[in-house]
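Reader: Hi! Could you walk me through the ligand site in this one?
Author: Happy to, here it comes.

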Amino acid sequence: MKLEEHLAGHDQDLRELVLKIGEIGKVIHKGFASRQSVSDTQNVYGETQMALDKWADQVLIDGLRESGLVKYLASEEQPDVLEFEGSKSDIGITQDPLDGSSLIGVNLAVGTIIGIFRGSVLVPGQEMIGAMYVLYGPLTTLTYCLKKGVHEFVLDPNGEFVLQSEDIRIPDGKIFAPGAIRKKYLDGHLKWIEALEADGYKIRFSGSFVADVHQILHKGGVFTYPGIVGSEQGKLRLLFEGNPMGFIVEQAGGATSDGYRSLLSIQPDGVAHRVPIYVGGKKEINLINNINGGI
Ligand code: AHG
Ligand code: MN
Ligand code: MN
């Protein structure tokens, strides 16, 4: 089944939006071969932007502005929320145009992550009406959730997204993807990691959040990029990474946490809000919440 058919039954603006982001994803993927240089600018997090980060950001901004579907757009690569005048819809978007972009040079999987709201995006993630990501790996896939299941499509040789997995549910699994530096782990986090290790969990961490969470969505287990000594809020961003991927995993029967509560319950203090991230199975998320609650 084609993506367009699968979207039947959702609001027209949301259908158009998902299809549009799929089209923009195809354009972004084509830029990988020729745009790998490092730019001379930094984003609001002090990270050097790749030429590709900036380019992909602009391709999304231009495409979504032209579509007339989006009113508010917040991007990992922009300091402020953009507002598009004359939009025919009230959709708010968050975008990480390229997640894992440092891996393109070594040909590992990267992706585009999108959160979808009605109106403002500076609200807790539980207000999201949808989320999606395009993953550029050996295959290009598009995963979307508009609160009626999590569904995955694969780009076929004709350039069409066709259904690959419907109603994905996160299974039990024993993979963990632990980011950051072990010697800087906080007490609760270290206890939790040691419990997973004692239980036979196996490490799989690529450096691309979207790819790592995608794997866990299919195979079970848990991704974490925790707060650490000297960086208690961690590295990853609530709006652009934690919330959209967390929304998808929660809708697939999994759970999220900042170590204490669901990521989706957190009121962002601005576009650049960083947060410790735990995304995966309910069992693993309950365990970190319980360990921290008992400390
Ligand atoms: P981005 O490419 O959007 O800046 O995100 C990179 C993120 C995330 O994808 C990944 O999990 C993490 O950074 C990896 O960080 P380390 O290099 O510290 O492992
Ligand atoms: Mn990212
Ligand atoms: Mn990025």
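Reader: Which element gives the largest share of the shell around ligand 1?
Author: That is S5, with three residues; strands here are DSSP E runs of at least two residues, numbered from the N terminus. This is a predicted model, where local features need pLDDT of at least 70, side-chain atom pairs count only at pLDDT 80 or more, and totals for chains, interfaces and linings use all residues. Side-chain values use heavy atoms, without hydrogens and water, residues are numbered from 1 along each chain as its sequence is written, and chains are lettered from A and ligands numbered from 1 in the order written.

Reader: Cool. How many residues surround ligand 1?
Author: There are 17, and Asp-99, Gly-100, Phe-209, Tyr-225 and Lys-235 are the closest (near means a heavy atom within 4 Å).

Reader: And which polar side-chain atoms lie by an oxygen atom of ligand 1?
Author: One of Asp-99 is 2.9 Å away, and one of Glu-241 is 3.4 Å away; a polar contact with the ligand is a pair of N or O atoms within 3.5 Å. For Leu-98, a backbone N or O atom lies 3.3 Å from a ligand 1 oxygen.

Reader: New topic: which domains feed the shell?
Author: Domain 1 (3-165) and domain 2 (175-293) each supply at least three residues, with bounds from an automatic or database assignment.

Note on methods: Polar contact = N/O pair within 3.5 Å; in protein donor to acceptor, adjacent residues only side chain to side chain. Helix = DSSP H or I, 4+ residues; strand = E, 2+ residues; numbered from the N terminus.
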